[in-house]
Amino acid sequence: MTTGAQTPRSSTRPPRSRLRTFLPLGMAAWLVLEIWLLTLVAGASSGFVVFLLLVGGIVLGSVVIKAAGRRAFRNLTETLQQQQSGRAPEARPNSEGNGLVMLGGLLLILPGLISDALGLLMLLPPVQKAVSRYAERTVERKLREAGPGTLGDAFRQARMHQPDGRVVQGEVVRDDPDDAPRDPRPPLTR
């Protein structure tokens, strides 16, 4: 649906980020390297060994993801039970979360020897702690660069600013003290 007004088009495009530029190239190189390594292993042994390696990675990755999911669900259930009983949830001293374990399982499921090696590395606790610290520092740095305010403030600001630059702020106030319906609703019929 058009209103007849022409939308202004900018002649200059914003520059592409390095990630958007190099990610497709990196994915293609990774895929070629995975296929090359699989053909090397198949040439050194047999195609059946490669098949067993791939199936073993899928099975092991599935087991790892299932165990991490069960552990996460059990932790969630315990926390909810503690909150419902009125107690403050206990802090688990060495629980880094299951996200990196699930990432390791996902890498094991992906076909290829490099992804399997990375998946096995992600299952090691020292590697998990190092990746977790690196990710935490990266997120904190990005949040500091983003400026003051919280994420909720950013979403609120994005909602308040209209495309034409005007800011509409307000609050909904109901004057009707009795908002409840006066008669009971009729039953639904088919």
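Biologist: Which residues of helix H4 (residues 113–122) are the buried ones?

Modeller: Ser-115, Asp-116, Gly-119 and Met-122. Buried means under 20% relative accessible area, exposed means over 50%, and partly exposed lies in between (1.4 Å probe, protein chains only). Please keep in mind that this is a predicted model, where local features need pLDDT of at least 70, side-chain atom pairs count only at pLDDT 80 or more, and totals for chains, interfaces and linings use all residues. Residues are numbered from 1 along each chain as its sequence is written, and side-chain values use heavy atoms, leaving out hydrogens and water.

Biologist: How do you know on which side of H4 they lie?

Modeller: They cover an arc of only 120° around the axis, so they are on the same side of H4. The arc is taken from the directions between the helix axis and the C-beta atoms. An α-helix has 3.6 residues a turn, so residues three or four places apart point the same way.

Biologist: What makes up the protein's secondary structure, helices or strands?

Modeller: There are 6 helices and 0 strands. Both are DSSP runs numbered from the N terminus: helices are H or I with at least four residues, strands are E with at least two.

Biologist: Why is Asn-98 called buried?

Modeller: Its relative accessible area is 13%, and the limit for buried is under 20%, so the label fits. Asn-98 sits in the loop between H2 and helix H3 (99–109).

Biologist: What is Asn-98 in contact with, leaving aside neighbours within four places in sequence?

Modeller: Ala-68, Arg-71 and Ala-72, where contact means heavy atoms within 4.5 Å.

Biologist: What makes the pairing of the Asn-98 and Arg-71 side chains a polar contact?

Modeller: The two side chains are joined at 3.0 Å. A polar contact is a pair of N or O atoms within 3.5 Å; within protein, one must be able to donate a hydrogen and the other to accept it, and residues adjacent in sequence count only if both atoms are side-chain atoms. The value of 3.0 Å therefore meets the distance limit.

Biologist: Why is Val-59 called partly exposed?

Modeller: Its relative accessibility is 48%, which lies between the 20% and 50% limits, so partly exposed is the right term. Val-59 is found in helix H2 (residues 47–84).

Biologist: And how do you class Asn-75, buried or partly exposed?

Modeller: Asn-75, also placed in helix H2, is partly exposed because its relative accessible area is 21%. The C-alpha atoms of Asn-75 and Gly-97 are separated by 9.7 Å, with the two residues 22 apart along the chain.
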